[in-house]
Amino acid sequence: MSGYIGNAPVPQSTQTRQTFVATSGQTSFATAGYTAGFVDIYMNGVRLIDGASNDFVATNGSDVVLTTGAATGDIIDVLMFTAVDLATAVGG
């Protein structure tokens with residue numbers, strides 16, 4: 001990393017974002033797919049806490065389910081992280 005001072009961040013990953021506009025009371029959002037434990041959810045810019053007794057559950061690799069229904073027009077951002085194996089990555 002040219003110009004970077006410090007240790008290289010490990011592990012390396014890529015990030016994919018999907019944005020949804022909620023309907024009244026909507027709790028389930030079908031994503032393009034994620035790895036459980038490697039997803040961050042934001043509602044109107046505020047990061048939600050993962051887990052059944054918290055703000056959302058994301059365990060099946062496709063759906064994000066809010067514990068409490070969203071309001072009409074709430075913006076749900078889903079950030080999905082995928083690990084990159086630098087030993088096998090192809091550079092350009």
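This is a short walk through the strands of a predicted model and the nonpolar core that some of them help to build.

A good place to begin is strand β7, residues 75–83. On one side of the pairing story is strand β1, which covers residues 13–21 and pairs with β7 in the antiparallel sense over nine bridges. To find one of these bridges in the structure, look for T16, whose partner in β7 is M80.

Strand β3, residues 39–43, also runs antiparallel to β7, and five bridges join the two. Here you can pick out V39, which stands opposite M80, and Y42, which stands opposite D77. M80 therefore makes a handy landmark, being the β7 partner of T16 and also the residue opposite V39.

From β3 the chain continues into a hairpin with β4, with two residues between the strands. Strand β4 spans residues 46–47, and its antiparallel pairing with β3 rests on two bridges. Y42 appears again in this pairing, standing opposite R47. In the turn, N44 has a positive phi of about 55°.

Now for the core. In soluble globular proteins, nonpolar side chains tend to be buried together. The largest nonpolar core of this model has 15 residues, and V39, I41, F56, V64, L66, I76 and V78 are those with the most contacts inside it. Strands β3, β6 (63–66) and β7 each supply at least two residues of this core, and β7 gives the most, with three.

Which residues does I76 touch, leaving aside those up to four places away in sequence? The list is Q18, T19, F20, F29, I41, Y42, M43 and L66.

Note on methods: Residues are numbered from 1 along each chain as its sequence is written. This is a predicted model: local features need pLDDT of at least 70, side-chain atom pairs count only at pLDDT 80 or more; totals for chains, interfaces and linings use all residues. Side-chain values use heavy atoms; hydrogens and water are left out. A nonpolar core is a set of buried Ala, Val, Leu, Ile, Met, Phe, Trp, Tyr and Cys residues joined through side-chain atoms within 4.5 Å. Buried means under 20% relative accessible area, exposed over 50%, partly exposed in between (1.4 Å probe, protein chains only). Helices (H or I, at least four residues) and strands (E, at least two) are DSSP runs, numbered from the N terminus. Contact means heavy atoms within 4.5 Å.
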